[in-house]
Each structure stands twice: as C-alpha cells, then as structure tokens.
Amino acid sequence: MTLTLRHYALLALLAFFLALPGRMTLPPLDRDEARYMEATEQMVLSNDFLDIHFQNQPRYLQPAGIYWLEALSAKNSAALFGPQVLRQTWPYRIPSLIAASLIVPLTAWIGFMLFGASTAILGALFLMVSTLFVAESRMATIDTVLLLDILCVEAILVRLYTNRNNRDPVSPFFACAYWAALGIGLMLKGPIILIPGLATPLSLCLIERNFSFWRSLRPAWGWIITLIIVAPWCIGIALKSHGAFFKNAVGHNLLGKITHGQESHGFPPGYYAVIFILAFWPGALFTLRALPSIWERRKNSSVLFLLCWIVPYWLFFELLATKLPHYVLPTFPAIALLTAASLTLWPAPRFLVWQKIIYIIYALLWSVVAIAFCFAGSALLITTSHLISIRALIALGGGLPLVILAIFSLTKNRVKHAAYNIIGAAILIHAGLFWAVIPNLNLIQLSPHIASSFYKARLCSESVLISASYYEPSLVFLAGPQTRLLDPEQAAKSLIEHSKCDLALIDEKDKAVFLAELEKAGIKPHLYDQISGFNYSKGKKLNLSLFGAQ
C-alpha cells in the first residue's frame, strides 16, 4: 500500500477535528500559557514586534518566533471579529491547532519512508492520541509549534538518509531546507533545536563511521542560511535590550536549567522514564513491549535513524536539572513509529523471565491508568463542581468498553487488536475530557470568575483591577494588562489614589491589613462581590472579596 496525498489529508483532518474540543471554552491556563497570551496581546496592542513584555517586565526567555505566530493569528482574528477577541483564548491557540494538524500526517510520512504504510498510520495514531501531545496541542505555548519544526528537520534528514542509502542523487534544495528549518527553530526556542537537528545526523555518522551523510547537508555554507534567518532579530533585540535578552535567555534561563532545577521543577535522572506511562498513554505499554525487538534491530538503518533521533535528545533532558513533562515531546513521533513497527512488521518479542514480570506489572499499571481516565472526568465534575454532565459520559460510556476490550485482547495476546481498541478509547476519553469536563471544572475557573465580577462591577470604562492576594497571569490576561499585582498595603494605597474607578481583590487572610490602611485614609470600602475558588498553581483555597471605595 502507498500513502497518497488523500491519506495525509485525511490524517490532518482527523487530527484537526480531534484537537477542536475545548479549544474555545478552556480558560487560559497558568502559568505559561497565560503569559504567552498576555505578552502576545501586548505586542499586538503596542505594535512593537521586536521586544517582548509581560505587563511592564521584559519576558526574555526565548526569541520572538512564537509570539509573532500568535500575534499574526490574534491580529487577523481581531480584524475579522473585532478587538474584543484579543481578550479571548482561541486566537492565540490557532498556531498550535495548525501545527498539531500537520504533525500527524508528517509523522506518517516519515514512517512511510522508513517502514511502509501500515506502520506509518499506526505510528501517527499513537502520537495523535498520546496524553502529552493532546494536552500541548490545545495550548497557546511553544511546544507544539516547536515539535512541527523538529519534525520538518527530521523529515528532511530522512529524505537525505534514504536517498543516500538508495544511492539516489541528493539535491542541494534539501540542504537549504534543513538549515532554514534550524533557523526557524532558533527563532522559536533558541538552541534547543540544535539538539535533534545536529545530534541526529552526527550520531548516525559517528556510529556508521561515515560522514558522507553530514557532507550532504552542505555545512560549509548551509549555516549562512540559518544566520540570515536569526541575525536581524538578534541584532535588533540586542540593541533594544542592551544585551539583557541574551544575558537572561541564555545565561539565566537556558544555562540555569542545566545546572539547577528552576521553579521547583528539579528532578533526578529517570524522571521521564517514570512518567512515560502517563505522558505517552496509551502507547506506553506497547513501547515497553517493543524494546527487545528494537534492541535486536538496532543496526537496521531505519531503526538506527530513529534511535539517533531519540537517544541524544532524551539523555540530554534526563541529565538536565530542570525537568518538565513536555521537554521530551519531540522524541514522541520517533517512539510512536518504532512502537508501531513492532506491531506491524516484526514478530512478537521473546521475553526473558524478568522481562515478562516487568511487562506484566507495567500492563497492570497501564490498565489502572486507562480505567482511571474513563472515570476521571465524571468524578472530577461531581466532586468539585457538583455537576453531572451527559457529555462527560462520553469518556465513561464510550471509552470504558473499548478499554475492557483492549485489556481482554492483551490477555489473549492479540496485541495489535488491543492497540486499535485503546486508540479508539483514547479518542473518546480525550474528547469527553476536553469537550465537557475541563471547561466546566471550577478548579480552573477562578480567574474567569474574578474577571467577570470585575467587568460587571467596574465604575468606569478605564477601571483597573488591583489584586493583592492572587497573582496568576491568567487574571492579567482576562482583566487587562493594566491589572496591578500588589501586596495588601500597596493595594490599599493604590485604591485610595484611584478611588473613583478602580477595584481591589483581597483574600480573607489579607483583608485586615487592607481594611486598616483604608481606615487610616478615611475611606469606606464597598463590597461588590465575594468569590471562592482554588488556585491550582499554588494548591491553595482562596476566599476573595472585590472592594471599591465609597
């Protein structure tokens, strides 16, 4: 079977429609997504597309590429639907949606080039339903777009690698595309793109002891293309920030993550292997089963290419002091294709006794995770929001029978049947969670509730919200970039200075200090609303009061 343009288009459409549920109703998520959205909104409002700010603070963590993509989406959306959409989440999530829709067919193309059609489709499906990919593809962050760029780099390398193995002529066009993709990746997240971009071809050359593949990339002059792409913005931001961007982005953000865990995200090596069962669910069990087969075929050119993609990248981030689940997402397409190959091309592996014990234990844990996913949505809605949703039962009523079928197929050693059953279950589970459950969770609705109360109570069109107890970026995005995040005493003084229009948000524990400061100034507070909720970023319950000055 040959995959045609129609097959790739169908995979893209499937990925597109599966990524839609929850995209418009999901509130801005703290903290990274809300920061990206707010920084992009400020870029659009200021028409300054060189510098990056969150409120009045520079946001010098990575280059401007992702902000440009989101700004383009937001600006066009505002032109079509009005400026009010700049305070809505969906325009900023369009780049991730488009990237996710392209990633799935591109993964299939790479799989087809290396293994054939059946492996390509199954591998693309494994990636499409993996938990981490599903979550990241719905957020206005950099990771899905970066994954697309890395896939483009690897696709170019696959084409050059297969051409070389088939002794076909190598066009300089592919070398140009390779260095251009590296340049785009540098504009998205700085040097991170160089890990897969350089490690994959150089690892292959070192293992094969043949550098003809590297020479086919035209490194003598190709780097100039990369430089042409990144140099203009780098020079501009260096001049505008007086060097502060590179000092912070490279010196603090990148090198700091290597040497010590930042923002309480430090974990020992092995972290990604431990969370893999959740991050790559439902494919994780089939990946574990595939490991002996992958090892046996490690010298096969297709397997070797994918291992040279996975291993350097994975090891780098396992050794990195700062660890977040999405850091290893760029290895998932390669893992998905190797996993699919073990089911479609290779005979069942023969386990040693200790390997079989590990596999059985892992399968039990995997089954528990699968069943938990089926019940999680309805249980969360009932316990946190006291809500029973018929739509939420998609995950339970639709997913659970397929999970049971998958587990039954595994007990009968019909592993390929189990894989397709669990992929179907994952599609229904994710649709139920993102369509009906997560948008209705009160746990993540605190900022939307506060912003709604603020807009209803504000005294002037230019009213500003002063928040003394809740400092999440999602509140700044929803309530406006002028939102002031102050301590209780400063919040009271700010309200006194702007008593005609502004409103202040105070938690119960800070109320005494705030009210005492108002009393000193002879200002009587007026209570407009009380909002209770859970700050999931800090794991704290808040009882907030919205005050104005009489």
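Helices here are DSSP runs of H or I with at least four residues, numbered from the N terminus, and with that numbering arginine 218 can be placed in the loop between helix 10 (212-215) and helix 11 (219-241). The model is a predicted one, and the stops below can be selected one after another.

**Stop 1: two loop residues with positive phi**

Select arginine 218 first, and look at its backbone, where phi is near 55°, a positive value in a residue other than glycine. Its relative accessibility of 22% falls between the 20% limit for buried and the 50% limit for exposed, so arginine 218 counts as partly exposed.

Move next to asparagine 413, found in the loop between helix 18 (393-411) and helix 19 (415-437). Asparagine 413 also has a positive phi, of about 65°, although it is not a glycine. With a relative accessibility of 58%, asparagine 413 counts as exposed.

**Stop 2: two cis peptide bonds**

Select aspartate 30 and arginine 31 together, since the peptide bond leading from aspartate 30 to arginine 31 is cis, with omega near 0°. Arginine 31 lies in the loop that runs between helix 1 (5-18) and helix 2 (32-46).

Then select tryptophan 281 and proline 282, which are joined by a cis peptide bond with an omega of about 10°. Proline 282 belongs to the loop between helix 13 and helix 14, and the next two stops take those helices in turn.

**Stop 3: helix 13 against helix 15**

Show residues 271-279, which form helix 13, together with residues 301-319, which form helix 15; the axes of these helices come within 9 Å and cross at roughly 110°. Because angles of 65 to 115 degrees count as roughly perpendicular, helix 13 and helix 15 are described as roughly perpendicular to each other. To see the contact itself, display the side chains of Tyr271, Tyr272, Ala273 and Phe276 on helix 13, and of Trp314, Phe317 and Glu318 on helix 15. Sorted by character, the residues of this contact comprise six nonpolar, no polar and one charged.

**Stop 4: the kink in helix 14**

Select residues 284-296, the 13 residues of helix 14, whose first and last C-alpha atoms are 19 Å apart, close to the 18 Å expected at 1.5 Å a residue. Where in helix 14 does the kink lie? Centre the view on alanine 290, where there is a kink of about 40°, shortly before proline 292. Both alanine 290 and proline 292 are among the buried residues of helix 14, as are Ala284, Leu285, Phe286, Thr287, Arg289, Ser293 and Ile294.

**Stop 5: two buried residues and their contacts**

Select serine 137, in the loop between helix 6 (131-136) and helix 7 (143-165). Is serine 137 buried or exposed? With a relative accessibility of 2%, serine 137 counts as buried. Leaving aside neighbours within four places in sequence, serine 137 is in contact with Ala19, Arg23, Ser96, Leu97, Ala100 and Thr144.

Lysine 189, the next selection, is found in helix 8 (residues 172-189). Its relative accessibility is 18%, so lysine 189 counts as buried, the limit being under 20%. When residues up to four places away in sequence are not counted, lysine 189 touches Gln62, Pro63, Ile142, Asp143, Leu146 and Tyr327.

**Stop 6: along helix 17**

Show residues 353-385, which form helix 17, and pick out serine 367 within this helix. Serine 367 counts as buried, at 14% relative accessibility. A distance drawn from the C-alpha atom of serine 367 to that of isoleucine 404 reads 8.9 Å, although the two residues are 37 residues apart along the chain.

Alanine 379 also lies in helix 17, and at 37% relative accessibility alanine 379 counts as partly exposed. From the C-alpha atom of alanine 379 to that of glycine 243, the separation is 51 Å, with their positions 136 residues apart along the chain.

**Stop 7: glutamate 489**

End at glutamate 489, found in helix 22 (residues 488-497). Glutamate 489 is partly exposed, with a relative accessible area of 38%. Which residues does glutamate 489 touch, not counting residues up to four places away in sequence? Display Val513 and Glu517, which are the residues that glutamate 489 touches on that count. For a last distance, take the C-alpha atoms of glutamate 489 and methionine 187, which are 302 residues apart in sequence and 41 Å apart in space.

Conventions:
Residues are numbered from 1 along each chain as its sequence is written. This is a predicted model: local features need pLDDT of at least 70, side-chain atom pairs count only at pLDDT 80 or more; totals for chains, interfaces and linings use all residues. Side-chain values use heavy atoms; hydrogens and water are left out. Axes are lines fitted to C-alpha atoms, for helices over the stretch in contact, and angles run from 0 to 180 degrees between N-to-C directions. Angles under 35 degrees count as roughly parallel, over 145 as roughly antiparallel, 65 to 115 as roughly perpendicular and the rest as oblique. Contact means heavy atoms within 4.5 Å. Ala, Val, Leu, Ile, Met, Phe, Trp, Tyr, Cys and Pro count as nonpolar, Asp, Glu, Lys and Arg as charged, and the others, Gly among them, as polar. The expected span of a helix is 1.5 Å times one less than its number of residues. The bend at a residue is the angle between axes fitted to the seven residues ending there and the seven starting there. Buried means under 20% relative accessible area, exposed over 50%, partly exposed in between (1.4 Å probe, protein chains only).
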